[in-house]
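Grab a pencil and have a look at the model below. We'll work through a few exercises on empty spaces and charged pairs.

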Amino acid sequence: MHDRAVAFFKGLQDRICAGLEEADDGSTFRTDSWERPGGGGGRTRVIENGNVFEKTGVNFSEVFGEFSPEFAKQIPGDGASFTATGISLVIHPRSPLIPTVHANFRFLTHGSKAWFGGGADLTPYYPFKEDVVHFHSVWKGICDKHTSLVSYAKMKKECDDYFFLKHRNESRGVGGIFFDYMDATDAMFDFVRDAGDAFAKAYLPIVERRKGLAYTPEQRFFQEYRRGRYVEFNLVYDRGTVFGLKTDGRTESILMSLPPVVRYVYDYKPAPGSREAELTEYWLKPRDWVGE
């Protein structure tokens, strides 16, 4: 299963990067291949200052070794030996009218335990309902192909629960799907492959609809302010960030998820009735987007 997962995730990275290069109207990825001192390595691909994407990172990794005794207690399984392989990506568009997106799919073992995890979620700044519904509809369609194994409603709720900033009492975005610790069966691998291949269908049509729209400096200001929430989540709560740092992963690859330009404003409050206020008052509340 590990070797099959490695082959799939490598190919998925290639396919996703090809689609993103086409959407970015001419930019190409920089590729860094790296080795992890404790075992394994990976391939990080990044676009910075692209035509559409201000910063995009698509990581593939395959690492192995031993957990520290303290960290081993926090992960399902037994003993200290582990393997992990997967793909992780974050896209920060230049335009505030195009949502930020995150996705990852992974296969891990810890002693006798082996499992899949992953998901995808959307973080808009100026949402369009058409885009949010489209994103969720793609993931529901994938889940509905595997109803004997997974539930879209359950994975959507887990996504809403996971991507929540407790210290802000606020969702990070409009959700998607999230799953973890799913037993590594062939049927589950089939679902992971379908989900991985669906990412481009879920996100790239949104990019194409919005990348030609004009935006104002004020909208860019708000995007930079809201990006701060992304930083807070990734550094405080994100399991992937914690796992990478705890297992001596490559720091540049782990933190490539952070946006390039972020603005922190003390006690910022949007004008009542504005689109900026609408983001937190309406959009960042868990909703049945497909049903609506």
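**Exercises on a predicted model**

The largest cavity in this predicted model has a volume of about 70 Å³.

**Exercise 1.** Work out which residues are closest to the centre of the largest cavity, and what classes line it.

*Solution.* Start at the middle: of the 13 lining residues, Asp160, Ser171, Gly173, Val174 and Gly175 sit closest to the centre. Then sort the lining by class: seven residues are nonpolar, three polar and three charged.

**Exercise 2.** Find which helix gives the largest share of the lining of the second largest cavity.

*Solution.* This cavity has a volume of about 50 Å³. Its lining includes Thr123, Tyr125, Arg226, Arg229 and Tyr230. Helix H6 (residues 217–236) supplies the largest share, three residues.

**Exercise 3.** Is Glu224, the salt-bridge partner of Arg263, buried or exposed?

*Solution.* First the contact: the side chains of Glu224 and Arg263 form a salt bridge, at 2.8 Å from N to O. Glu224 is in helix H6 and Arg263 is in the loop between helix H8 (251–254) and H9, so the bridge ties together parts 39 residues apart in sequence. Now the accessibility: Glu224 has a relative accessible area of 8%, so it counts as buried, while Arg263, at 32%, is partly exposed. Finally, shared partners join Glu54, Arg220, Glu224, Arg227 and Arg263 into one salt-bridge network.

**Exercise 4.** How far apart in the chain are Arg193 and Asp190?

*Solution.* Their closest N and O atoms are 2.4 Å apart, in a salt bridge. Both lie in helix H5 (residues 186–210), three residues apart, so about one helical turn separates them.

Terms used: Residues are numbered from 1 along each chain as its sequence is written. This is a predicted model: local features need pLDDT of at least 70, side-chain atom pairs count only at pLDDT 80 or more; totals for chains, interfaces and linings use all residues. Side-chain values use heavy atoms; hydrogens and water are left out. On a 1 Å grid over the protein atoms alone, a cavity is a set of points where a 1.4 Å probe fits but cannot get out, and a pocket is an open set with protein on both sides within 12 Å along at least five of seven lines; lining residues have an atom within 4 Å of a point. Grid points are joined across faces, edges and corners, and a volume is the space filled by probe spheres set on the points. Ala, Val, Leu, Ile, Met, Phe, Trp, Tyr, Cys and Pro count as nonpolar, Asp, Glu, Lys and Arg as charged, and the others, Gly among them, as polar. Helices (H or I, at least four residues) and strands (E, at least two) are DSSP runs, numbered from the N terminus. A salt bridge is a side-chain nitrogen of Lys or Arg within 4 Å of a carboxyl oxygen of Asp or Glu. Buried means under 20% relative accessible area, exposed over 50%, partly exposed in between (1.4 Å probe, protein chains only).
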